[in-house]
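Subject: Structure handover and what was found in it

Dear colleague,

I am passing on to you the structure that we talked about, and I would ask you to look it over before you read on. My notes follow below it.

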Amino acid sequence: MGDFLHMGGYAPYVWVSYLFGLIVVVVNLWQPWRAEREVWRQLKRRRRNEERMNESETP
Amino acid sequence: MSLARAWGALLRRDVLLALRQRGQLANPLLFFVMVVALFPLGMNPDPVLLRSIAPGVIWVGALLAALLALESMFRSDFDDGALEQMLLTPYPLPLLVLAKVAAHWLVTGLPLLLVAPLLALLLNLEGEAVVILLTSLVLGTPLLSLIGAIGVALTVGLRRGGVLLSLLVLPLYVPVLIFAAGAVGNAQAGMAVTGQLAFLGALLALAVALAPLATAAALRISLD
Amino acid sequence: MWAWLHRLGSPKRFYGWSGTLARWAGWGSLLLGAAGLYYALFDSPPDYQQGESVRIMYVHVPAAWLSMFIYMNIAFASLISLVWRMKVADMFAAASAPIGAWFTFLALVTGSLWGKPMWGTWWIWDARLTSELILLFLYLGYIGLLSAIEERDTAARAAAVLALVGVVNIPIIHYSVEWWSTLHQGATVTKFEKPSIAWTMLRPLLLMALASTLFYIMVALRLARAELLRREADSTWVRELIDGRQGGGDR
């Protein structure tokens, strides 16, 4: 296990590389997730407003 | 009027308009000289050292001066509506663009050529290398205008498109820089330069054929 | 003749099939990525010259490959957008750009980290890294142009032209940088590629390359779909979609 982490002396280079890889993956997973959440929130809000207006139009 | 006469008229018009604002013309030129002159000041002005960096420095200076000059290519015509008029004429837009680019080169690129020998002097570039420097500028500066035109056309509608223009255009300038400066460097070392110059020539031919098309498309989009 | 293409690219249709594709791509990417990581870190040999640092290759090479692949996708989508006037293609291109820039950045960083133990410096002007750097500028320029133009459709079309100009220039740039690099090659010759690569090393490399490609497809499609919903918010099919969502409880 120690050898594995040590990576033949190249530990910082190898592990930081994989760390950056992880960062890129995480950031690019987060972006669409956030975009989707925003859109759904906005769309739902608009829909609710529309329905409220439709109801108020029928006396 | 016939296409050829229209082309000539547009070229003449642009050159005359530019010549009326001689001050504006001088700016990129002075910038070119200043940038190159700054390098020795920022380092050890040892003649041998200067000679070795001369090709790259002069060419980077030319790139930056060209970038500075690009702004004026479509700006005034865009501002006063003349550009829109050009889009409405029956003449093929890419050819009109070629006329404007040619005019632009005559007033901004050609002067760089005239000043280059002075810069060669400042950086101790001599002999065969100076000839190759001028040749590379003859082939390269039209390339800078042609490629740059695409970038200007894409950003002409923006208020502060200047820095973005540089970002768009500089990567496209890299091959010109590599082969032009490479040719001069080779000339200094006494090696063959035909390969590099041939490549520049090929790039120029490609740019003359394709760049006006891209520029015209970009203009139509920007003026939508 | 192009009717099927237009149908495929119609917003509602696109939303449908892209969702399925994104889901498959996502799971595929996860599985292949897990397998790739396993082989990369546990079940592949160290290089006889570079030792364990060769494992960086399993991140660097897929990132570099992907940075080029994504730009090609942007160019292709730009072509479709300009020729067939498909908004969906615009959205996919715009969605792809940030991801492409990130992977280009990753390729540069891992290239640098790979190079430090090998050549002793954090940066070296070799053909591969220099080309990647210029590619990063191409991406940033593309993204910059998209955000600088306010009118969305104009921005998309201008960016499309830029992407096509860029894609024509990429081979020229690569060739120039290659030439320049071999001209100035000193005593240190960079050898990222070996003439023939052992299967034990090729396997994780291919797995990681495939996994990251599928990852890109999933992310780009999801971003494009979100943008599509925003744009088509007033259409019937989106309304029905929202009603369906709200009926089935909140997400």
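Among contacts in chain B between residues at least 6 apart in sequence, what percentage join residues at least 24 apart? The figure is 81%, and please keep in mind, here and in everything that follows, that this is a predicted model.

Chain B

To stay with chain B for a moment, its secondary structure consists of nine helices and zero strands, and when you read along the sequence you will meet the pattern α-α-α-α-α-α-α-α-α. The C-alpha trace of chain B spans about 55 × 35 × 30 Å along its principal axes, and buried residues account for 47% of its 224 residues. Because a compact globule with 224 residues would have a radius of gyration near 17 Å, the 18 Å of chain B agrees with that expectation.

Chain A

Chain A has two helices and zero strands. Its radius of gyration is 24 Å, which is well over the 10 Å that the globule rule gives for 59 residues, so chain A is more spread out than a compact globule. The spans of its C-alpha trace along the principal axes, about 80 × 15 × 10 Å, can be set beside that result, and of the 59 residues in chain A, 15% are buried.

How the chains meet

Which pair of chains shares the most contacts? There are two pairs of chains in contact, and of these it is chains A and C that share the most. Chain A and chain B, by contrast, are joined by no contact, and their closest C-alpha atoms lie 24 Å apart.

The contact between chains A and C takes 30 residues from chain C and 24 residues from chain A. On the side of chain C that touches chain A, the elements that give two or more residues are α4 (87–119), α7 and α8 (236–247) of chain C, and α4(C) gives the most, with ten residues. Sorted by class, that side of chain C has 19 nonpolar, four polar and seven charged residues.

The contact between chains B and C takes 22 residues from chain C and 21 residues from chain B. Here α5 (127–148) and α6 (152–183) of chain C each supply at least two residues of the side of chain C that touches chain B, and α6(C) gives the most to that side, with 13 residues. By class, the side of chain C that touches chain B has 16 nonpolar, five polar and one charged residues.

A helix pair inside chain C

Finally, please look at helix α2 (residues 11–41) of chain C and helix α7 (residues 199–231) of chain C, which pack at an angle of about 150° with their axes 7 Å apart. Are these two helices roughly parallel or roughly antiparallel to each other? Since angles over 145 degrees count as roughly antiparallel, α2(C) and α7(C) are therefore roughly antiparallel to each other. The crossing in which α2(C) passes α7(C) is left-handed, and by class the contact of α2(C) with α7(C) has 22 nonpolar, seven polar and three charged residues. You may remember α7 of chain C from above, where α7 was named among the elements that give two or more residues to the side of chain C that touches chain A.

With kind regards

Methods:
Residues numbered from 1 in each chain as written. Chains lettered and ligands numbered in written order. Predicted model: local features only at pLDDT ≥ 70, side-chain atom pairs only at ≥ 80, totals over all residues. Contact = placed C-beta atoms within 7 Å. Helix = DSSP H or I, 4+ residues; strand = E, 2+ residues; numbered from the N terminus. Nonpolar A, V, L, I, M, F, W, Y, C, P; charged D, E, K, R; others polar. Axes fitted to C-alpha atoms, helices over the stretch in contact; angles between N-to-C directions. Parallel < 35°, antiparallel > 145°, perpendicular 65-115°, else oblique. Left-handed = near helix turned anticlockwise from the far one by under 90°. Rg over C-alpha atoms; globule rule 2.2 N^0.38 Å. Buried ≥ 20, exposed ≤ 12 C-beta atoms within 10 Å, placed from the backbone.
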